[in-house]
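Here are some exercises to work through with the sequence and the model open beside you. Try each task before you read its solution.

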Amino acid sequence: MRRFVLIAIPYVWLLALFLVPFAIVLKIALSDAAIARPPYFPQFDWAEGIAAFIAELDFENFVWLTEDDLYWKAYLSSLKIAVISTFFTLLAGYPIAYGMARAPEEWRPTLMMLVILPFWTSFLIRVYAWMGILSNEGFLNQFLMWIGVISEPLTILNTNSAVYIGIVYTYLPFMILPVYSALERLDGSLIEAAEDLGCSRLTAFWLVTIPLSKTGIIAGSFLVFIPVLGEFVIPSLLGGSDTLMIGKVLWEEFFSNRDWPVASAVAVVLLLLLVIPIVLFQRNQQKQQEAEQ
Amino acid sequence: MNRMSWFNAVSLTLGFAFLYIPMVILVIFSFNESKLVTVWAGFSTKWYGELLQNEAFLNAAWVTIKVAVFSSTMATVLGTIAAYVLVRGGRFMGRTLFSGMIYAPLVMPEVITGLSLLLLFIGIGLDRGVFTIVLAHTTFAMCYVSVVVSSRLVTFDRSLEEAALDLGCSPAEAFRLVTLPIIAPAVISGWLLAFTLSLDDLVIASFTSGPSATTLPIKIFSAVRLGVSPEINALSTIMISIVTVGVITASLVTKHQVARQKREEQAAERA
């Protein structure tokens, strides 16, 4: 009996505040927008019965998503931004993780702490910090003009480049930590063996180190890719009006246009888009756990 | 392997410079005299003074702390129970669904979590305010707590619990006297994680808050949309210092504990 209560408490909580809300999103995605409170139709009415209620639902909003190319473009451009920024995060994160794993052992806890510290600092503040750096009169332009690389300030803030910089910056710890933990476990004698057998340093790196850190690379990439796909704060603070990301579209559809059914449909499609990377990520984690045992 | 190659030294230096320079600039310019945030005009702490007189920010900070304390405490209790049930509960009906619901919020885009909770609150006619933000934060934070706690539960020796039960403890006593002290560090770090996540959250709070409750991130976001301001720099500096002190203290405490544990183990071996 006690066991039942223990299981029931978190179970019921998650059912009520996680699963049921999703059912509601799905239902509203199938409803029509209406000028009413709440602004959608149909409302569930016990008197009319379930059959009449279901008959009112339709896929109109999803058809609308395929017809209006704003949504298509937003999904595609979110995917593109997520792929490119994941790649750049890996490019920036891998050397740092590698350097950490090769650093003297007594430094490593401090280096770890230095990577984790920004993670505990407010996400919003870290994005905001770049607004002052990337603006036309910002520090980056001042610096570049001072060393004489450019004579006119570059426009970076409110473009996609600023979005990429912001994503790489804020998600870097998510890439460094899994790659570092894979590299730290790596047996140094394997690389020495490869070098003894005639590999150059670069080939040994390419043929031994990279394959052996593969699980870390994959885990880090998904940890960046998945949340970036639905990112809202970075594109709305650093991006411009032409930066299309689905998280931003959903937000505007809901708060500015007040079209709840379309916002819900956008959410459902975003979720479907995420299923594949999440399943792949899960599989990678399982493989890693099996390898450790 | 102990000597650092120049390549590693350079990549570490550049990497940490990239991670820290933006925050250092933010902190320096919070002490700037001028309203223009990118031009240095002399040292001043006037923006901190203005911040302390800004009623709206202070109210928002108070709401944020209230929400974070309540939600992280509830999330820790629920998340620890969930982890215990998942690791020790054996098989029960709907276990797969349960573990799915624990892991799903970790990868869910915040906009979707926020939207779905808002639609629920409106559906059941709950007025939005501090209470609804607490409910929302508890829900997603409990999943993080449960992941942290269950990773600790998996690694610890079950025979300790069984010994306590054999020696006449009731299951509740065994949990309180044996299990809880061992998993306590994980429970505490789970609470800290939940607290930080709640302090930080903009998107879910925006969806689930009403006009009566504005949290600090919501306030900062609406101010920052208009551009960079020295007052926000001052506020950021305060928040960055609190986190830095917290993280450094936590890591010193763990270091101390690890050292003590080692000494005790050595003493036990000698005895």
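Helices are DSSP runs of H or I with at least four residues, strands are runs of E with at least two, and both are numbered from the N terminus. This is a predicted model, where local features need pLDDT of at least 70, side-chain atom pairs count only at pLDDT 80 or more, and totals for chains, interfaces and linings use all residues. Residues are numbered from 1 along each chain as its sequence is written, with chains lettered from A and ligands numbered from 1 in the order in which they are written.

**Exercise 1. Confidence**

Task: find which element of chain B has the lowest mean pLDDT and which the highest.

Solution. Recall that pLDDT is the predictor's confidence in each residue, from 0 to 100. Start with the whole chain: chain B has a mean of 88, and 99% of its residues reach 70 or more. Then go through its elements: α11(B) has the lowest mean, 85, and helix α9 (residues 203–208) of chain B the highest, 94. For the model as a whole, ipTM is 0.87 and pTM 0.88.

**Exercise 2. Two loop residues**

Task: look up phi for A:N158 and A:R258, then decide how exposed each residue is.

Solution. As background, most residues other than glycine have a negative phi. A:N158 sits in the loop between α7 (139–146) and α8 of chain A, and its phi is positive, near 65°. A:R258 belongs to the loop between α13 (246–255) and α14 (260–292) of chain A, with a positive phi of about 55°.

Now count neighbours. A residue is buried if 20 or more other C-beta atoms (placed from the backbone) lie within 10 Å of its own, exposed if 12 or fewer, and partly exposed in between. A:N158 is partly exposed because 19 other C-beta atoms lie within 10 Å. A:R258 has 12 such atoms within 10 Å, so A:R258 is exposed.

**Exercise 3. A residue in a helix**

Task: decide whether A:L274 is buried or exposed, and list what A:L274 touches.

Solution. A:L274 is placed in helix α14 of chain A. A:L274 counts as buried because it has 20 C-beta neighbours inside 10 Å. For the list, two residues are in contact if their C-beta atoms, placed from the backbone, lie within 7 Å. Not counting residues up to four places away in sequence, A:L274 touches A:I226, A:L229 and B:V107. A:I226 is 48 residues from A:L274 along the chain, yet their C-alpha atoms are separated by 6.9 Å.

**Exercise 4. A helix with a bend**

Task: describe α1 (residues 6–29) of chain B by its span, its bend and its buried residues.

Solution. The expected span of a helix is 1.5 Å times one less than its number of residues. With 24 residues, α1(B) reaches 33 Å from its first C-alpha to its last, close to the expected 34 Å. The bend at a residue is the angle between axes fitted to the seven residues ending there and the seven starting there; for α1(B) this is about 35° at B:Y20, with the proline B:P22 following within four residues. Among the buried residues of α1(B) are B:S11, B:L12, B:G15 and B:P22. Their cover includes α4 (69–102) and α5 (108–120) of chain A, as well as α11 (230–270) of chain B.
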